[in-house]
Amino acid sequence: MEKREPVKSFKDLVVWQKAYKLALELYQKTKVFPKEELYGLKQQMRRAAVSIPSNIAEGYGRKHKAEYHHFLSIAYGSLLELDTQCLLSHDLGYIEYNELTKGLIREVGAMLYRMLNPKP
């Protein structure tokens with residue numbers, strides 16, 4: 001069995017790394033939104049995308065496990081919000097909801113779900 005390096009920072013968490021990559025991806029995708037969406041869907045998507053790695057990081061910095069779970073739960077909610085916004089943006093013809101984005105959302109979602117619902 002491969003020995004893992006200890007987690008020294010939230011940046012070492014794979015879930016944070018993938019959530020960060022997702023946020024970068026969504027910022028790139030929303031650059032092409034029409035001007036009328038500047039303060040609408042574009043801004044909401046960017047806020048939700050940034051919220052995911054930010055809440056993972058903030059939760060990691062908390063002293064109590066219950067607080068960590070609270071922030072992971074917020075990150076999970078933001079992820080579901082972002083997924084909905086991606087579907088809407090795709091259906092409106094603003095973005096292509098491609099496999100990279102869908103895959104990152106699935107991966108981050110699965111990781112957060114496992115973190116929030118550990119097996120005994």
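Is E107 buried, partly exposed or exposed, and what is its relative accessible area? In this predicted model, E107 is partly exposed, with a relative accessible area of 34%. The residue takes part in a salt bridge, described below with the other charged pairs.

The overall fold comes first. The protein contains four helices and zero strands. Along the sequence the pattern reads α-α-α-α. Taken along the principal axes, the C-alpha atoms fill a box of roughly 45 × 30 × 25 Å. The accessible surface comes to about 7,900 Å². Carbon and sulfur atoms account for 55% of that surface. Of the 120 residues, 38% are buried. Contacts between residues at least 6 apart in sequence were also classed by separation. Among these, 68% join residues at least 24 apart.

Helix 1 covers residues 14-29. At 1.5 Å a residue, its 16 residues should span 22 Å. The end C-alpha atoms are 23 Å apart, which agrees with that expectation. The buried residues of helix 1 are V15, W16, A19, L22, A23, E25, L26 and K29. Their cover includes helix 2 (41-60), helix 3 (65-91) and helix 4 (99-116).

The buried set of helix 1 includes the acidic residue E25. Its relative accessibility is 18%, so E25 counts as buried under the 20% cut-off. Beyond its neighbours within four places in sequence, E25 is in contact with N98, L100 and T101.

The nonpolar interior was examined next. In soluble globular proteins, nonpolar side chains tend to be buried together. The largest nonpolar core here holds 29 residues. Within this core, L22, M45, I52, I56, L82 and C86 touch the most other members. Helix 1, helix 2, helix 3 and helix 4 each give two or more residues to the core. Helix 2 gives the most, with seven residues. One of the core residues named above, M45, has contacts in several parts of the sequence. With neighbours within four places in sequence left aside, M45 is in contact with L26, T30, F33, L82, Q85, C86, S89 and I95. Two of these partners, L82 and C86, are also among the core members that touch the most others.

Aromatic residues form a further set of interactions. A pair of aromatic rings is described by the distance of the centres and the angle of the planes. The whole structure yields four aromatic pairs. In one of them, the rings of F10 and W16 have their centres 5.3 Å apart. Their planes lie at 75 degrees, so the pair is edge-to-face. F10 is partly exposed, with a relative accessible area of 24%. W16 is buried, at 12%. Another pair joins F33 and Y94. This pair is tilted, with 5.1 Å centre to centre and 50 degrees between the planes. F33 lies in the loop between helix 1 and helix 2, and Y94 in the loop between helix 3 and helix 4, so the pair ties together parts that are 61 residues apart in sequence. Both F33 and Y94 are buried. Ring pairs also link F10, W16 and Y20 into a cluster.

Charged side chains complete the picture. Side chains of opposite charge can pair when their charged atoms come close. Six salt bridges were found in the whole structure. In one, the side chains of E107 and K18 meet at 3.0 Å, N to O. E107 lies in helix 4 and K18 in helix 1, so this pair ties together parts that are 89 residues apart in sequence. E107 is partly exposed, as stated at the outset. K18 is partly exposed too, with a relative accessible area of 23%.

A second salt bridge joins E67 and R62, with the closest N and O atoms 3.5 Å apart. E67 counts as partly exposed at 28% relative accessibility. R62 is also partly exposed, at 33%. These two residues belong to a network of salt bridges that links E58, R62 and E67.

A further salt bridge brings together the side chains of R106 and E99, at 3.6 Å, N to O. R106 is exposed, with a relative accessible area of 51%. E99 counts as exposed as well, at 52% relative accessibility.

Notes. Residues numbered from 1 in each chain as written. Predicted model: local features only at pLDDT ≥ 70, side-chain atom pairs only at ≥ 80, totals over all residues. Heavy atoms only, no water. Expected span 1.5 Å × (residues − 1). Buried < 20%, exposed > 50% of the residue type's maximum accessible area, 1.4 Å probe, protein only. Contact = heavy atoms within 4.5 Å. Salt bridge = Lys/Arg side-chain N within 4 Å of Asp/Glu carboxyl O. Core = buried A, V, L, I, M, F, W, Y, C linked by side-chain atoms within 4.5 Å. Phe/Tyr/Trp six-rings, centres within 6.5 Å; stacked < 30°, edge-to-face > 60°. Areas by Shrake-Rupley, 256 points an atom, 1.4 Å probe, with all protein chains shown as cover.
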